[in-house]
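Thanks for coming, everyone. I'll take this one in three steps: ligand, fold, then a single residue. Here it is on the screen.

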Amino acid sequence: MPRGYRPGLIAGRPAGKISAMVTLEQVIVPPPAPGQPLDFLAMFGDNAPVEMEIGSGKGGFLLRRARALPDRRFLGVEWANKYHRYAADRMVRWQVPNVRLMRTDAAHLVLHHLPPASLAALHVYHPDPWPKKRHHKRRLIQGPFVVAAVDALADGGRIAIQTDHAAYFKQIQQVLRDEPRLSEAAFDVPEAGAIDGRMETNFEIKYRREGRPIYQIAMVKTASARPRPVESAKGGMT
Ligand SMILES: C[S@@+](CC[C@H](N)C(=O)[O-])C[C@H]1O[C@@H](n2cnc3c(N)ncnc32)[C@H](O)[C@@H]1O
């Protein structure tokens, strides 16, 4: 068991008696094999709309949203084993049947394994900012990632990103606005998971308490979007 991982320490209480229906084996899914596309039908057993959260951390946002929207399916991608296991344990305790959690590098997953037009929404809340200049190349939100993410969004699909890091936010705004298939949309939309502009993720709660500003952007893939120009399809880090 990873250090700091304590299955009994879950915020709040499950809604009712825990049945054996939702198990860790069901919640935790393996990353796809090299060269294989993610198979959401096999993962969830149906073709309901799928939302993905990158860097799902302790799973607070996914837990709330999946319980509010039982007809949608949710995939949380997290590479830190401690948080991945914590979130999985939470889904089992709350018996949430429509969440799957994958421990892998989300950048690789998005760039190489997401089927086209397979996502109804992509959530990225407080991606690691990598503040040192020499580490900027490790940031998740860069041109090629955005191109691949938009490929994976269905028409009308939404990408929502939130950070407390002003300089990273500028970069995020720029690469999203440079993508011709995206149109800016309101972030504070209850149907998209916002409660008075808050997504209530663990980091957001902590940062708001510390009085840090929170920056948010949402974009929608428009059905009438211009096709992606060939140059940007090849991509280049910005
Ligand atoms: C600052 S935390 C935010 C967690 C959560 N979204 C929140 O707002 O509370 C960033 C999370 O993203 C995860 N992460 C960063 N880069 C990742 C990647 N490439 N693939 C998967 N997870 C990643 C980290 O392990 C960490 O749990």
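One term first: a residue is near a molecule or strand if its C-beta atom, placed from the backbone, lies within 6 Å of it. The model is predicted, so local features need pLDDT of at least 70, side-chain atom pairs count only at pLDDT 80 or more, and totals for chains, interfaces and linings use all residues. Residues are numbered from 1 along each chain as its sequence is written.

Now the ligand. Which residues come nearest? Of the 19 around the ligand, they are Gly55, Gly57, Ala106, Thr201 and Phe203. By class, the shell has ten nonpolar, five polar and four charged residues. Nonpolar covers Ala, Val, Leu, Ile, Met, Phe, Trp, Tyr, Cys and Pro; charged is Asp, Glu, Lys and Arg; the others, Gly among them, are polar.

Next, the fold. We have nine helices and eight strands. These are DSSP runs numbered from the N terminus: helices are H or I, at least four residues, and strands are E, at least two. Strand S3 (73–78), helix H5 (106–112) and helix H8 (202–209) each supply at least two shell residues. H8 gives the most, with three.

Last, Met43. It sits in helix H2, residues 40–44. Buried or exposed? Met43 is partly exposed, because 15 other C-beta atoms lie within 10 Å. The cut-offs, with C-beta atoms placed from the backbone: 20 or more within 10 Å is buried, 12 or fewer is exposed, and in between is partly exposed. Across the protein, 36% of the 238 residues count as buried.
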